[in-house]
Amino acid sequence: SKKPVRVAVTGAAGQIGYALLFRIASGEMLGKDQPVILQLLEIPDEKAQNALKGVIMELEDCAFPLLAGIEAHSDPMTAFKDTDYALLVGARPRGPGMERADLLAANAQIFTVQGKALNAVASRNVKVLVVGNPANTNAYIAMKSAPDLPAKNFTAMLRLDHNRAASQIAAKTGKPVGSIEKLAVWGNHSPTMYADYRFATIDGQAVKPLINDEEWNRNTFLPTVGKRGAAIIAARGLSSAASAANAAIDHMRDWALGTNGKWVTMGVPSDGSYGIPKDVMFGFPVTTENGEYKIVQGLEIDAFSQECINKTLAELTDEQNGVKHLL
Ligand code: NAI
């Protein structure tokens, strides 16, 4: 049988953690033949550490055959030791009266520390997914704080936006969501992201002419996907957790195990593709194979798409400039 791999998860006692850990431990992320050791990080605060103990008791009580070990940590330097996968979920939420700049600064602090810890102690092949918001900028900070690790090992989660877009298209066309391919979400995980179905197909048939409704694209589809997070908070009183955890599983599984030519969306450091400046952590359509992702090349960007991409890029550039002095 396979040797266990180490999976670090931060914010492990939070909402997303609760929806995520059991699925990792059951083999949904890395395969039903891959044992895992969970290295869980929470803040040193007694309440958080106690909550983490409770989650660990429940993980034990599931008796997952693939769960080869569970560790609780309050220090990233031990939590990330030799880790092969790191899901950075914990972040500083926006408190009442907190300005955007304060939020960016508080998170810059967290992700600088965690990036340095990954740099110092993680596996040299670690695959990092940042979920905690602002996810793209936090991933950028972690990447910049880990100069000895390849930049390509750092990614941000756009998969929830991708899955939300797929589900809206399935509803609009009346087709099964699993039949939709070649969907792309460009840019920032924020309402400015650009969900793009111009290349999408359903059972090989082009989606755009099937929908044939540009008014719907601009005035219903894009705002619905962009504001979905807010709609869930308004309805549930809490932010999306199960769907976010599901997207994290999808992202890591596809990165590790490959997509067989299917497109998925990942936030990755730009290599200059589509005029996005190098290193900007940007949502792109990618395919993955042998543990590596490749940005889908050669897509035509029309005037409306360029306008949308410019807008989300401007927001990201602004965020990343806002933290540069902290790096
Ligand atoms: P939560 O507040 O329920 O849990 C967060 C946990 O992280 C808490 O237990 C907290 O103690 C812990 N934490 C905070 N700072 C930490 C640190 N420095 N090290 C380790 N742990 C730390 O929040 P929830 O609902 O689980 O969401 C987590 C994050 O994910 C939020 O930032 C949220 O905005 C983001 N999110 C991102 C999505 C995406 O698509 N990229 C989708 C949904 C949520």
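Modeller: Start with the vocabulary: helices (H or I, at least four residues) and strands (E, at least two) are DSSP runs, numbered from the N terminus. Ile16 falls in helix 1. This is a predicted model, where local features need pLDDT of at least 70 and side-chain atom pairs pLDDT 80 or more, while totals for chains, interfaces and linings use all residues. Residues are numbered from 1 along each chain as its sequence is written, and side-chain values use heavy atoms, without hydrogens or water.

Colleague: Which residues come nearest to the ligand?

Modeller: A residue is near if one of its heavy atoms lies within 4 Å. Here 23 residues surround the ligand, and Gln15, Ile16, Glu42, Asn133 and His189 come nearest.

Colleague: What polar atoms lie by the oxygen atoms of the ligand?

Modeller: A polar contact to a ligand is a pair of N or O atoms within 3.5 Å. Ile16 brings a polar backbone atom to 2.9 Å from a ligand oxygen. Asn133 uses a polar side-chain atom, also 2.9 Å from a ligand oxygen. For His189, a polar side-chain atom is 3.1 Å from a ligand oxygen. The protein buries 80% of the 870 Å² that the ligand exposes when taken alone (Shrake-Rupley, 1.4 Å probe).

Colleague: Where does the ligand sit?

Modeller: A pocket is an open set of points on a 1 Å grid over the protein atoms alone, where a 1.4 Å probe fits, with protein on both sides within 12 Å along at least five of seven lines; lining residues have an atom within 4 Å of a point. A molecule sits there if more than half of its atoms lie within 2 Å of the grid points. The ligand sits in the largest pocket. Helix 1 (15–25) and helix 4 (100–121) are the elements giving two or more residues to its shell.

Colleague: Which residues does UniProt list for "binding site"?

Modeller: Such annotations may be inferred rather than shown by experiment. One unreviewed listing names Arg94, Arg100, Asn133 and Arg164. They span 71 residues in sequence, and the farthest two C-alpha atoms are 25.5 Å apart, so they do not all gather at one spot. Yet Arg94, Arg100, Asn133 and Arg164 are included in the lining of the largest pocket. Arg94 is in the loop between strand 4 (85–88) and helix 4.

Colleague: What is special in the backbone?

Modeller: Most residues other than glycine have a negative phi, and most peptide bonds are trans. Lys182 has a positive phi of about 60 degrees, although it is not a glycine. Its place is the loop between strand 7 (180–181) and strand 8 (184–186). The bond from Asn133 to Pro134 is cis, with omega near -5 degrees. Pro134 lies in the loop between strand 5 (127–130) and helix 5 (135–144).

Definitions and conventions. A polar contact is a pair of N or O atoms within 3.5 Å; within protein, one must be able to donate a hydrogen and the other to accept it, and residues adjacent in sequence count only if both atoms are side-chain atoms.
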